[in-house]
Amino acid sequence: IDAAVEQLARACRELRSVSLSNCGRVGDRAACALGTLPLLERVGLHGCPVGATGRIVLAGCARLTTLDAGHTRGLTDEALARVVRNCPRLQWLGIAGSEHVTDALLQLVTTRCRMLERIVCEDCPCLSPVGIRALCEGYPALAWLHAARSRAVDDACLESIGRLSSGLVSLDVRDCPTVSAAGFEHLYE
């Protein structure tokens with residue numbers, strides 16, 4: 001599939017959106033090819049075996065608004081930091097299932113991606129309430145927070161959301177063991 005994506009990138013220079021999610025044979029070569037598309041805005045690599053090289057190359061896509069890199073192999077702060085630093089238009093970030101992404105990345109996101117509206121960070125065991133609160137406090141316009149099955153969302157996070165994120169339209173905190181009924185009360189006080 002990598003060779004086909006390379007051909008596609010050479011032939012279709014005007015591509016703005018590409019989803020290769022769950023294509024098991026998409027790797028770094030495909031991501032590198034996508035990184036050459038000057039108008040690329042949306043990339044779906046969810047579940048692809050794309051390594052750090054491919055994600056770093058996507059940092060060259062200055063128009064990128066949407067990146068779903070959830071459940072990709074070896075996703076780390078380092079691999080995503082360059083993307084976050086070079087893609088100030090990022091509005092939607094998917095890092096679900098990222099076993100090595102930490103609060104440091106979320107804190108970087110709050111300083112670099114001022115247009116962020118949606119984040120999917122469910123099943124990320126290295127995130128803590130510190131990172132989620134930084135997101136909530138850094139983004140009063142946060143509309144979507146999906147952090148299911150995470151210890152990173154607690155009652156204090158919900159308090160921050162209730163206090164700061166009046167535009168919230170989607171909240172997924174199912175199976176979050178550190179959220180209680182008292183936390184939900186903060187959302188509507």
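This text walks through a predicted model, from its core to its helices, loops and salt bridges.

Start with the core. The largest nonpolar core has 56 residues. Leu34, Leu67, Ile95 and Ile132 have the most contacts inside it. Helices feed this core from many parts of the chain: α1 (2–11), α2 (28–34), α4 (77–86), α5, α6 and α7 each supply at least two residues. Ile132 shows what such a position looks like. Beyond residues up to four places away in sequence, Ile132 touches Leu106, Cys121, Leu145, Ala152, Val153 and Cys157.

Cys157 leads on to helix α7, which spans residues 155–164. Four residues of this helix are buried: Cys157, Leu158, Ser160 and Ile161. Why do the buried residues line one face of the helix? Seen down the axis of α7, they fall within an arc of 155 degrees, so they share one face. The background is simple geometry. An α-helix has 3.6 residues a turn, so residues three or four places apart point the same way. The buried residues of α7 pack against two helices, α6 (129–138) and α8 (181–188), and two strands, β6 (144–146) and β7 (170–172). The start of α7 has a polar contact of its own. There, a side-chain oxygen of Asp154 reaches to within 3.1 Å of the backbone nitrogen of Ala156.

Step back into the loop between β6 and α7. Ser150 lies here. Ser150 counts as buried because its relative accessible area is 2%, and the cut-off for buried is under 20%. A polar atom of the Ser150 side chain lies 2.9 Å from the backbone nitrogen of Ala152. Setting aside neighbours within four places in sequence, Ser150 is in contact with Asp175, Cys176, Pro177 and Thr178. Arg149 is found in this loop between β6 and α7 too. Arg149 is partly exposed, at 34% relative accessibility. Its backbone deserves a look: phi is near 55 degrees, a positive value in a residue other than glycine. His71 also has phi near 55 degrees, again positive in a non-glycine residue. His71 sits in the loop between β3 (66–68) and α4. It is partly exposed, with a relative accessible area of 38%.

Now the charges. How many salt bridges does a search of the whole structure find? There are seven. One joins the side chains of Glu6 and Arg29, at 2.7 Å from N to O. Glu6 lies in helix α1 and Arg29 in helix α2, so the pair ties together parts that are 23 residues apart in sequence. Both ends are partly exposed: Glu6 has 21% relative accessibility, and Arg29 has 44%.

Arg174 takes part in two of these pairings. With Glu122 it forms a salt bridge of 4.0 Å, N to O. Arg174 lies in the loop between β7 and α8 and Glu122 in the loop between β5 and α6, so this pair ties together parts that are 52 residues apart in sequence. Arg174 also meets Asp172 in a salt bridge, at 2.8 Å from N to O. Are these residues buried or exposed? Arg174 is partly exposed, with a relative accessible area of 42%. Glu122 is buried at 14%, and Asp172 is buried at 12%. Salt bridges that share partners join Glu122, Asp123, Arg149, Asp172 and Arg174 into one network. Arg149, the loop residue with positive phi, thus returns here as a member of the network.

Asp103 is another case. This residue of helix α5 (103–112) is buried yet has no salt bridge. The nearest side chain of opposite charge is Arg133, 8.2 Å away. The cut-off for a salt bridge is 4 Å, so Arg133 falls outside it. Not counting residues up to four places away in sequence, Asp103 touches Cys126, Leu127, Ser128, Val130 and Gly131.

Finish after α5. Glu117 lies in the loop between α5 and β5 (118–120). It is partly exposed, with a relative accessible area of 36%. Its C-alpha atom is 6.4 Å from that of Ala141, a residue 24 places apart from it along the chain. Apart from neighbours within four places in sequence, Glu117 is in contact with Gln91, Leu142, Ala143 and Trp144.

Key:
Residues numbered from 1 in each chain as written. Predicted model: local features only at pLDDT ≥ 70, side-chain atom pairs only at ≥ 80, totals over all residues. Heavy atoms only, no water. Buried < 20%, exposed > 50% of the residue type's maximum accessible area, 1.4 Å probe, protein only. Arc of directions from axis to C-beta. Contact = heavy atoms within 4.5 Å. Polar contact = N/O pair within 3.5 Å; in protein donor to acceptor, adjacent residues only side chain to side chain. Lys, Arg positive; Asp, Glu negative; His and termini not counted. Core = buried A, V, L, I, M, F, W, Y, C linked by side-chain atoms within 4.5 Å.
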